[in-house]
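Q: Could you take me through one part of this model up close? I'd like to hear about the open sheet, and then a bit about what else is worth pointing out.

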Amino acid sequence: MPTAVPPGRTLTVAATATVLLATALGAHTTGTAHAAPAAKAPRAAASTDKVLVIGIDGAVLDRVKAADAPFLKGLMAQGLTARSTLYSSPMAATSSGPGWSTIATGAWPDKHGVKDNSFVGKNYTAHPDFLTRIENAKPSLNTYAAADWEPITSTDQNGPIFSAKVDKRLSLKGDRDGYGTEDPKIAAAAAAELRGQNPDAAFVYLGEIDVAGHSHGAASQQYLDAVARVDKLVGQLLTAVQTRPTYAQENWKILVTTDHGHTDSGGHGGSSIQERGTFVLAKGAGIPAGSVREDVKLVDVAATALAQVGVAAPGLDGVPLGSPDSDPFDTLRPGLQARVDETGIPAGVKGFTHTPPAGWSVDNSRMGTGGVTEWAGWTFATDEFWTQSQRDQWRELGVRSRDVFAVADSDEWDDKAHTGSFDSTLLTPKWTVSGGTSHTLNFRTHYRHEAGQTAQVLVSYNGAAPTVVKSYTADALAKAESLPLRIPAGATDVRVSFRYTGDNNWFWTVDDVRLG
């Protein structure tokens, strides 16, 4: 959460939520429950497919693992643990406004528009939160959101991230009244809703861990103590779901996530891997117990929640957790190596290889000799590895690449003596095609341009000389490309190549290359 939010306001309690809040909050009147403008018609039966998303602010996965946190660790043992990384400026700061907006909308900041905690530029109209999407698509479903960081659910703050279309919204004032006090109220009210009411999709936020990070640092005992306290609140929410009278007939998916990381000494907003570190925990049907994945992103939370209740959301950056990972680059992870020449990357991080996946190849026949070993020609690397080679040069902005991707980086290669220049070509396998048909070449790319470098996509049919179908002459940051290909008569196969040349210029990444 931010260090401060605007002053509080006069409180109102919607009539439809008064009884529930009075029970859960007792005599407290510092919170606001917002109900949808019009009441829904009663339903004969609840949906059996349900989802709960729990957001814990500023949580560091390694510190969660080190804490007395049996409920969060139980989710890891019973389901999925997935580390992930964020953007950094100038796309957005590693702060709560962009983080929770990314989680809620399933879109990256270059779409939803939130770059910091001012919320200037927000575009929730085009990129609404997942609960609002559910209301728009299936208004008969019941939605619920509760938070004590006000921009998430309060109508008079910089947000709200979750719109007034959500059936019930509870907003308390953690910045004013203290998250150690307000988090338990949020958990109690949300547990009452989950156990005794009929939510189909819910989001619950807890903020105390982030406060401990700011006050004491993520490496402190106080931070571990805060994790333990919040874990008990998570346990209340999980118990509430499991003790529902109809639980045995329901299909719940539980997700836990965080908006950003923290440095050991405390703080976030910058580009370090500690600040950019996030995670997703998930439990539910189809998620193997004890599973670990490296290809999950924060935008997948909203996509998974929507898929769970049967709401289609084309255009999201996220994909449901059940979607298969068929990117051949990701098969290289078991063979990734630690650093050789790089000094800024921790020695224990295994994150690069020059060995392409089966059927792919790299042509370095025009490549100079020497240079930094890791980046000598097209390399296959992870975000954690590549972005730590040099921070704050926009490498962190490549958010649409996942797991292992291909990198051509003349800037980093040039940091060690070499002869010649950077000139390397990445080649796909030969794909079978039919003459006279149309296909689309799809891939994700992150390209930073500078005069003196070239980046070209070329195609070759039946082994003929390659022709250029795309040449980059300007930045193409975190972009999904779709290039139309008209297959010439008589062609039976096509091979695509990505040629990058430069000399102490910038970089080009390519990922998830598909012929559609």
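A: Here is a walk through the sheet, followed by a helix pair and one glycine. Keep in mind that this is a predicted model.

Let's start with the sheet. It is an open one built from 6 strands, and reading across you get β10-β13-β14-β23-β18-β21, with antiparallel pairing. The edges belong to β10 (352–353) and β21 (476–486); each has a single partner strand, so one side of each has no neighbour in the sheet. For β21, that partner is β18, as the strand order shows. β18 covers residues 438–448, and its antiparallel pairing with β21 runs over 9 bridges. To pick out one spot on that pairing, look at serine 438: its bridge partner in β21 is arginine 486.

Now for the helices. α3 (residues 70–78) and α10 (residues 221–242) have axes that come within 7 Å and cross at roughly 60°. The two helices are therefore oblique to each other. On the α3 side, the contact is made by Pro70, Phe71, Leu72 and Leu75, while α10 brings Asp231, Lys232, Val234, Gly235 and Leu238. Sorted by class, that contact has 6 nonpolar, 1 polar and 2 charged residues.

Last, a single residue: glycine 277, which lies in strand β8 (residues 277–283). Leaving aside residues up to four places away in sequence, glycine 277 touches Ser84, His260 and Gly261. As for phenylalanine 203, glycine 277 is 74 residues from it in sequence and 21 Å from it in space, C-alpha to C-alpha.

Notes: Residues are numbered from 1 along each chain as its sequence is written. This is a predicted model: local features need pLDDT of at least 70, side-chain atom pairs count only at pLDDT 80 or more; totals for chains, interfaces and linings use all residues. Side-chain values use heavy atoms; hydrogens and water are left out. Two strands pair if DSSP finds at least two bridges between them. Helices (H or I, at least four residues) and strands (E, at least two) are DSSP runs, numbered from the N terminus. Axes are lines fitted to C-alpha atoms, for helices over the stretch in contact, and angles run from 0 to 180 degrees between N-to-C directions. Angles under 35 degrees count as roughly parallel, over 145 as roughly antiparallel, 65 to 115 as roughly perpendicular and the rest as oblique. Contact means heavy atoms within 4.5 Å. Ala, Val, Leu, Ile, Met, Phe, Trp, Tyr, Cys and Pro count as nonpolar, Asp, Glu, Lys and Arg as charged, and the others, Gly among them, as polar.
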